[in-house]
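Trainee: I should like to learn how to read a structure of this kind. May we look at it together?

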Amino acid sequence: MKVLVTGAGGFLGIRVVARLLEHGYTDLRCFLRDTSKAKRLEELVKAYPAARLEFASGNLHSKADCAAALTDVSLIFHLAAGKSGSCADLFMNSVIASRTLIEALEARKELPIEKTRIVLISSFGVYGVGALARGAPVSEETPLEAHPELRDPYSYSKLRQEQLFWEYQKRDGFELVVLRAGAVYGPGGGHFSNRVGLQVGPVFFHLGGDNLLPLSFVENCAEAIVVAGTTPWAAGQVFNVHDDDLLTSAQYLSRYKKDVKHIRSIRLPYPVTRVLAWNLERYHRRSLGQLPAILTGYKAASSWGGNRFSNEKLHSTGWRQLVSTPDAMKQTFEYFRQHRAKT
Amino acid sequence: MVPGARVVAVCDIEPLMAEQLAVRFGIPRQYSCFAAMLDAEKPDVLHITTPPEAHLALTRQAVSAGCHVFLEKPVALHHAEVQAIVEAANASGKKLAVNYWPQFEVQALELRRLYQEGVLGDPVHIESFLGYNLAGDYGRAIKQDTNHWVRHMPGQLFQNVLDHVLNKIAPFLEDDEPSIDAYAYKENTGLAEPDVGDILDELRVVIRGCRTSAYATFTSHARPVGHTLRVYGTRNTAHVDYNARTLVLEPMQGFPSALGRLFPPFSVSRNYLKQGLRNVGRFSHSHFHYFDGLRNLLNEFYHCIETDSPSPTSCREILFVSSIMERIFNQVYAETQV
């Protein structure tokens, strides 16, 4: 079985390739926009003499590049997505790129589309948690965001990307497995999820308080993607991805300060955040947008309202956390400490 | 929002892009066919924000459908296309404006007033400086996408930003065809920031008219990222900082000998303090938006439509800028030093 991994050179992509190799997949094609990232993957495959790694370099906006990458592929792990930039950039790199990939798949002749499985990496950002009560559980059944225009552009682009895949799945009948990842962290990743707080100038505003963080260590997340993505009964299913022993936002920040570096932080209790957000939103409207509405009541409720999480469904696929949270934190913070001059 | 105007529809050849724009801004209708939108909506004004190669065709269609047109810069890929755009608008009697927003910042408007009132005297020399941070999203997009539309323009990176450098010089230069010496290169400073691959990213231009000269500078590597204009006149020299939103006149040396060099810093400080306080006042009255110049320009454009007065960006200015740009690109891309 030939397997395609898009975004294979990224933070998560490299780990997914590693887990695929470990699970015995030997015929892998890595789609890379930046070919300089092939080196790390080539190093990786040296430990698996039976494995064959191909590289498809190009752009997911190009139907020809997508078509070339899809040749003979029956399992696709779609990780490529926009991570930053304007809403238009995020849409181009997540939604439009995904549609180009699906359309190239539709146009493919040598393998029937119904025999192809796509494993899409989505995000917790697609859930409409702003409308939930504080502390409400978030599961795979939680309704999707009904007001994406009120959320951050990343969440909106991931929501639309996932909706697009379901629309095409209904039409084309390919197998679709969706993994909604929580806050993915690890060496080489970001230091703080927005769920912990926001850096404003020299001060870090700690807004997450004692909320649980749906943390997913990058190795564990990659394992979940491979295990759930290849489980036969997973077609048409959605899985939330996070680790078992979750930390609170306050615990994460406290350990960061202890193990990485001291940062100046101000903790704002949730009611204070809501009042601040309400005032900023009001000022934004009254001043006709003189300051951007970076903090609104809806965004505050979505990011810092606080929820409970369950990865029970993920466990039912046979997934087990590879790296314990204490070890994962140790690895991550050690990396951050060594590279802090660069951050 | 411009008073009296409402956005009725958005159009993008890519339906998903039109959709996200409509959803985010609560715009009632969206189209992926330009002709269908013109036909159904019959808008009074059309804002064209596509890449420049489509501007001429879209402008022609729009003015034929009775729309006034507001164009994003760069106006077109080639000067001949810009001429055709201006001709199409003039022939149809429709208003045309280009998004030269820095020219409508309060300080730039004030500079124009000083010039018109003769405070500066005759312009002797102009220095227009624009810095750009390519480590941001825009630079990343160009670097990552080898097919990015900016790469396909005759002037590549420069063409996307040079309007904002040259349009500030246009009002002070009487000559339509001044002499030009342009020099471009790719900076190789070893700075830990992403470059844009093989694209030239530093440009220096010397422009010489009959009575006035000018320097135009575009830099991707100088820090902090600057955006300034200095006008040397026969009576006064003015300095506009578009990032700091200040306009100050250089102090005259009113005292003899060393005393003459003692007081100017205090005079300059007082001028900057005044400007700062004025800005605080504007902020407190919500007249200090990030793109305040764009708000002013749009208000003037819609006002000129309602009153049938001249467009805030003149045809002469638009043509001057595009003509100079084309000549610069002909020079630097004929003989590049990468």
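Mentor: Let us begin with a definition: two residues are in contact if their C-beta atoms, placed from the backbone, lie within 7 Å. Please keep in mind that this is a predicted model.

Trainee: How many residues of domain 1 of chain B are in contact with domain 2 of chain B?

Mentor: There are 11 such residues in domain 1 of chain B, and they meet 13 residues of domain 2 of chain B. On the domain 1 side, 7 of the residues are nonpolar, 3 are polar and 1 is charged. The domain assignment places domain 1 of chain B at 9-100, whereas domain 2 of chain B consists of 102-296 + 321-332. Their C-alpha centres are 28 Å apart.

Trainee: How many residues does each chain give to the contact between chain A and chain B?

Mentor: Chain A gives 18 residues and chain B gives 14. The side of chain A that touches chain B comprises 7 nonpolar, 7 polar and 4 charged residues.

Trainee: How should I read a sheet, and which strands of chain A stand at the edges of the sheet S9-S10-S13?

Mentor: One reads the order of the strands and then the sense of their pairing. In chain A, an open sheet of 3 strands has the order S9-S10-S13, with mixed pairing. Strands S9 (197-200) and S13 (265-267) of chain A stand at the edges; each has a single partner strand, so one side of each lacks a neighbour in the sheet. From one strand to the next, the twist averages 20°. Strand S10 (residues 203-206) of chain A pairs with S13(A) in the parallel sense over 3 bridges, and Phe205(A) has Ile266(A) as its bridge partner in S13(A).

Trainee: In what order do the strands of the open sheet in chain B lie?

Mentor: The order is S3-S4-S5 (chain B), and the pairing of these 3 strands is parallel. S3(B) and S4(B) are joined by 4 bridges; in S4(B), Phe70(B) is the bridge partner of His47(B). Helix H3 (residues 55-64) of chain B lies across S3 and S4 of chain B, at about 160° to S4(B).

Trainee: Which residues of helix H10 of chain B are buried, and what do they pack against?

Mentor: A residue counts as buried if 20 or more other C-beta atoms lie within 10 Å of its own. In H10(B), the buried residues are Gly293(B), Asn296(B), Leu297(B), Leu298(B), Phe301(B) and Tyr302(B). They pack against strand S4 (68-71), strand S5 (96-98) and helix H5 (106-116) of chain B.

Note on methods:
Residues numbered from 1 in each chain as written. Chains lettered and ligands numbered in written order. Predicted model: local features only at pLDDT ≥ 70, side-chain atom pairs only at ≥ 80, totals over all residues. Pairing = 2+ DSSP bridges. Helix = DSSP H or I, 4+ residues; strand = E, 2+ residues; numbered from the N terminus. Axes fitted to C-alpha atoms, helices over the stretch in contact; angles between N-to-C directions. Domains from an automatic or database assignment. Nonpolar A, V, L, I, M, F, W, Y, C, P; charged D, E, K, R; others polar. Buried ≥ 20, exposed ≤ 12 C-beta atoms within 10 Å, placed from the backbone.
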